[in-house]
Amino acid sequence: MSGPSEFRDISEPDEMSTISPKTKNQKGKASKTFFIGLYVSSGQKIIVINMFKDITLKSSDMKYDDMITNISQTTGIGSQTIIRTISEYKRKKTVSSPSKKRAKKSLFDKIDGLDRNGLRQKVHGIWLRRELPTIDKILHEVNEDPSLPNFKRTTLYNIIRKLDFVFAKRKRCSVLTEREDLINWRHNYLYDIRKYREEGRTIYYLDETWLNAGDCVDRVWMDKTVNSKHDAFNKGLTTGPTNPTGKGKRLIILHIGLDKGFLPSSLLCFESKKNSADYHDEINYDNFKEWFESILPRLDPNSIVVMDNAPYHSVQAEKYPSASWNKAEILEWLNSKGVVFDRPMLKAQLVVKARESKPRQKTYIIDNLAKDAGHTILRLPPYHCEFNPIELAWAMVKGYVKRLNTTFKIDDVHQLLNTAIERVTAENWRNFIKHVIEEENKIWKVDDIMEKLIEEMELCVLTITGETSDDESS
């Protein structure tokens with residue numbers, strides 16, 4: 001990471017010509033609590049640059065990280081945003097306005113995690129029957145299931161591929177399987193979670209979800225003898241429940257639990273400030289880190305924390321050089337790793353050297369925080385929310401809220417949420433975890449069946465064609 005001395009050139013008048021005179025940040029516009037999901041305007045970016053210039057000139061000996069923290073605390077803007085803003089200015093000598101135009105979402109982006117998991121389970125179910133999955137077979141089973149959306153053949157094919165399934169050619173036969181890295185990740189996860197349970201270590205599960213003010217049950221009993229409001233009034237009856245006019249405001253929810261229930265006093269809930277289809281857009285790293293640090297002291301010693309791979313869970317502990325870095329930055333990073341050169345190097349050569357010097361495994365800030373507190377982070381494989389029992393807890397919580405939501409007001413939904421969470425008992429959690437273990441055992445069996453069937457298929461082809469492998473011929 002670059003030090004402050006490299007940014008002293010921003011104070012030169014000719015390079016600051018595109019920056020307006022210093023202005024004060026509008027009160028409340030970027031407060032720490034409500035900054036989630038808001039765009040950082042060009043005016044706010046100018047404030048960041050101006051503050052950075054002042055600190056560089058007046059306190060040149062201040063460390064870079066301390067400088068970023070100082071600016072973040074003063075403005076309420078997240079530290080990662082400040083770092084990106086300074087980096088942008090260094091490259092372009094100006095700051096840009098945020099792009100508020102949203103890209104059109106594909107069908108894959110529109111289907112939620114539960115539907116994606118449902119599609120994956122359909123494929124796994126075919127393998128469990130010791131059959132080879134084909135698109136036509138998957139299409140039939142998916143469209144026959146009322147809990148899943150209906151798809152056209154080509155659409156389903158594209159979605160299946162985006163779920164990291166691949167058609168692998170094995171000895172002249174194509175078979176629908178999964179990417180090898182995903183299979184490896186999943187198998188390692190299942191092995192680790194089993195080992196931790198055998199060791200008797202406490203396992204916590206965390207996840208985020210959402211609730212809309214307009215969420216309610218889809219089906220209710222209706223009196224078909226009532227024809228109109230006037231008819232209902234004359235009979236002393238009603239025309240049925242009032243329907244919400246839209247989804248309304250949204251609550252973003254973050255919690256953690258174990259076999260004893262939700263961890264007390266660990267609920268993070270706030271009102272959405274961004275009209276986004278994906279609730280993950282509402283949570284940033286700074287807010288998640290602050291919440292995570294608050295719950296760490298209350299975990300059992302030497303515990304396991306299971307979480308998915310959301311971007312704010314996976315901020316790397318160290319930034320590694322890429323082609324977007326300038327030559328001096330890459331050289332400085334390599335020198336910090338003890339790499340020295342006996343001759344001049346081109347930038348392309350430095351990028352290769354930096355790639356070779358990167359550790360084989362990424363390290364994340366959240367993992368390091370947990371490790372320092374004596375805990376271990378275990379990351380779920382992609383698209384496997386069925387391995388997280390808190391998903392079942394969320395289904396129970398949402399079902400309660402939807403059944404009792406009649407006002408469609410966000411404050412009332414918030415109260416219903418708190419009550420619903422309290423109603424999820426330790427026995428419920430134990431049942432959720434029991435169900436998850438059954439799913440884990442099923443997938444473990446799927447991987448074993450998949451491997452054996454593919455081997456049998458390859459052997460059959462070799463026998464029919466009369467071919468032999470290199471090992472056999474030798």
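Buried means under 20% relative accessible area. The model used here is predicted.

**Exercise 1.** Classify Trp291 as buried or exposed, then describe how its ring pairs with that of Phe288.

*Solution.*
- Step 1. Trp291 has 7% relative accessibility, so it counts as buried.
- Step 2. Phe288 has 0% relative accessibility, so it is buried as well.
- Step 3. Helix H10 (residues 285–295) holds both residues, three residues apart, about one turn of the helix.
- Step 4. The ring centres of Phe288 and Trp291 are 5.9 Å apart. Their planes make 40 degrees, so this pair is tilted.

**Exercise 2.** Find what surrounds Ala393.

*Solution.*
- Step 1. Locate Ala393 in helix H14 (residues 390–404).
- Step 2. Its relative accessible area is 0%, so Ala393 is buried.
- Step 3. Set aside neighbours within four places in sequence. Ala393 then contacts Phe262, Val424, Trp429 and Phe432.
- Step 4. Look at Phe262 and Trp429. They form an edge-to-face aromatic pair, with 5.3 Å centre to centre and 85 degrees between the planes.
- Step 5. Phe262 belongs to strand E5 (residues 261–262) and Trp429 to helix H16 (residues 426–465), 167 residues apart.
- Step 6. Ring pairs join Phe262, Trp394, Trp429 and Phe432 in a cluster.

**Exercise 3.** Describe how helices H5 and H6 cross.

*Solution.*
- Step 1. The axes of H5 (residues 113–128) and H6 (residues 135–144) come within 10 Å and cross at roughly 120 degrees.
- Step 2. H5 and H6 are therefore oblique to each other.
- Step 3. The crossing is right-handed.
- Step 4. H5 contributes Leu119, Lys122, Val123 and Ile126 to the contact; H6 contributes Lys137, Ile138, Glu141 and Val142.
- Step 5. Sort these residues: five are nonpolar, none polar and three charged.

Notes
Residues are numbered from 1 along each chain as its sequence is written. This is a predicted model: local features need pLDDT of at least 70, side-chain atom pairs count only at pLDDT 80 or more; totals for chains, interfaces and linings use all residues. Side-chain values use heavy atoms; hydrogens and water are left out. Axes are lines fitted to C-alpha atoms, for helices over the stretch in contact, and angles run from 0 to 180 degrees between N-to-C directions. Helices (H or I, at least four residues) and strands (E, at least two) are DSSP runs, numbered from the N terminus. Angles under 35 degrees count as roughly parallel, over 145 as roughly antiparallel, 65 to 115 as roughly perpendicular and the rest as oblique. A crossing is left-handed if the near helix is turned anticlockwise from the far one by less than a right angle, and right-handed if clockwise. Contact means heavy atoms within 4.5 Å. Ala, Val, Leu, Ile, Met, Phe, Trp, Tyr, Cys and Pro count as nonpolar, Asp, Glu, Lys and Arg as charged, and the others, Gly among them, as polar. Buried means under 20% relative accessible area, exposed over 50%, partly exposed in between (1.4 Å probe, protein chains only). Rings of Phe, Tyr and Trp (its six-membered ring) pair if their centres lie within 6.5 Å; planes under 30 degrees apart count as stacked, over 60 as edge-to-face and the rest as tilted.
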